[in-house]
Amino acid sequence: MYPAPFNYHRARSVDQAIELYSRLGEGARFLAGGQSLLPILKLRFDEPTDLVDIGRIPGLDSIEVNNSAARVGALASHRRIGGSALATSVPIVADCALGIADNQVRTRGTIGGSVASGDPSCDWPVLLHTLDARIHCRGPGGERTLDINGFVESLYQTRLDQGELVCGIEFNLPGPGSGGAYCAFKRCAPAFPTISVGVQLSLDGDQVKSVRVALGSAAPAPVRSHQAEAELQGGALSTERVARAADAAVASADPFDDQRGSAAYKRQLIATLTRRAVDIAQRRARGESVKNSHEYY
Ligand SMILES: Cc1cc2nc3c(=O)[nH]c(=O)nc-3n(C[C@H](O)[C@H](O)[C@H](O)COP(=O)(O)OP(=O)(O)OC[C@H]3O[C@@H](n4cnc5c(N)ncnc54)[C@H](O)[C@@H]3O)c2cc1C
C-alpha cells in the first residue's frame, strides 16, 4: 500500500528542523532513515500531513570517542556504528549494531530513530541501558539531557516532547576489567528480536563490582532488571548465582503472546539468553576475545 499523501520538507540544520516542526504542528513527523516510519506510513497506521527530513543535517552522524566517553550522533547508522572503532573497543556495541536486521536496514536506519521510535523491540534502547546512556535532545524549549532509564515510557511512547529532536547519545566507556554481551534471538535477519538480553559488568578479581542487565521485547518498554543485577552484584559468578539471576530476569519481564512466540516461550528465552550473556560478558571482562551475534531459529 502507498502512504497517504504528505508534504515533504528537508531540514538543513537542527534549528531549522525544530522551527519547521513547530510551524507545521502536530501533523508533522521527523524522518531519519525511514526504516520504522515508512513501513508504518505504508500500512497507514499513521497519516502525517508533513515529513521533516532530518537525514541530511550535517554533523549529526558523528561518532566521537575520547578517553572516558563516547558520543554518537543521532544520524549515525547501525552499519557505521558497527564498523566503527567504538564497536571494536566496546564489543557489546558491535553485538548490537551488526545484528540489527539486514544490510539494507542497517545502512539506512539510525540510532536516533531507534531510540526515538519507542519500539520495545528495537535493539539500541535495550543496549543503552547497559551503558547508562544519556540522550541529548533539543526542541522548542531548548536543550536537555535525559537518562535512558525511563526514556521509553511505554509502547511507542517516549519522554520526548512534541517537536523535540534526539541529537546524540553519550555514555562512559567501560573501564578495565569490564565486559559486555548483547544476545538476541529472532526468526530471521530482517525481523525484530523475539527476546534480547544485554549484560555489561566489571570484575574485581572474580567478584562482580558492577553490573547492568537489560531486556528487550520482554514488556511494553525496555526492562532494566534490577533483580537480576542484585543477584550478580558483589559476589563471584557461580553457576547457582547466574541461575538465580536468570530466574530474576524472567521475574522482572512481562512478555506477551504474539506472532514471534508465546509469553511462556519468551520467558524460557530470557533465562537462556541471560545465562549466555553473563557468560560471554565475564569472559570478555577477563580479556578473552569472544565472537557473538544474533541467533536465528
Ligand atoms: C525489515 C526491518 C527489520 C528491522 N529489524 C530491526 C531489528 O532487528 N532491530 C532493530 O532495532 N530495529 C529493526 N528495524 C528498525 C530499524 O532499526 C530502524 O532503522 C530504526 O528503528 C529507526 O531508525 P530510522 O532512522 O529508520 O528512523 P525513522 O524510521 O526515520 O523514524 C522512526 C521514528 O522516530 C522518529 N525520529 C527519527 N529520528 C529522530 C530523532 N533524531 N529525534 C526525534 N525523533 C526521531 C520519527 O519521527 C519516527 O517516529 C527493522 C526495520 C525493518 C524495516
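**Cysteines.** I searched the whole structure, a predicted model, for disulfides and found zero. I then looked at Cys-122. Its nearest cysteine sulfur belongs to Cys-96, 9.5 Å away. A disulfide needs the two sulfur atoms within 2.5 Å, so Cys-122 is in none. I also looked up its accessibility: Cys-122 has a relative accessible area of 7% and is buried. Next came Cys-188, which is in no disulfide either. Its nearest cysteine sulfur is that of Cys-122, at 16 Å. Cys-188 is partly exposed, with 34% relative accessibility.

**Sheet.** I traced an open sheet of five strands. The order reads 4-5-10-6-7, and the pairing is antiparallel. Which strands stand at the edges? I noted strand 4 (63-65) and strand 7 (142-147). Each has a single partner strand, so one side of each lacks a neighbour in the sheet. I checked the twist as well: neighbouring strands are turned by 20 degrees against each other on average, direction ignored.

I then followed one pair inside this order. Strand 6 (residues 134-139) and strand 10 (residues 165-172) run antiparallel and are joined by five bridges. Within strand 10, I found Leu-165 opposite Arg-138.

**Pocket.** I turned to the second largest pocket. It holds about 330 Å³ of space. I listed 17 lining residues. Closest to the pocket centre are Ala-32, Gly-33, Gly-55, Arg-56 and Arg-108. How does the lining of this pocket divide into nonpolar, polar and charged residues? I get five nonpolar, seven polar and five charged.

How values were computed: Residues numbered from 1 in each chain as written. Predicted model: local features only at pLDDT ≥ 70, side-chain atom pairs only at ≥ 80, totals over all residues. Heavy atoms only, no water. Pairing = 2+ DSSP bridges. Helix = DSSP H or I, 4+ residues; strand = E, 2+ residues; numbered from the N terminus. Axes fitted to C-alpha atoms, helices over the stretch in contact; angles between N-to-C directions. 1 Å grid on protein atoms, 1.4 Å probe; cavity = no way out; pocket = protein on both sides within 12 Å on 5 of 7 lines; lining within 4 Å. Points joined across faces, edges and corners; volume = space filled by probe spheres on them. Nonpolar A, V, L, I, M, F, W, Y, C, P; charged D, E, K, R; others polar. Buried < 20%, exposed > 50% of the residue type's maximum accessible area, 1.4 Å probe, protein only.
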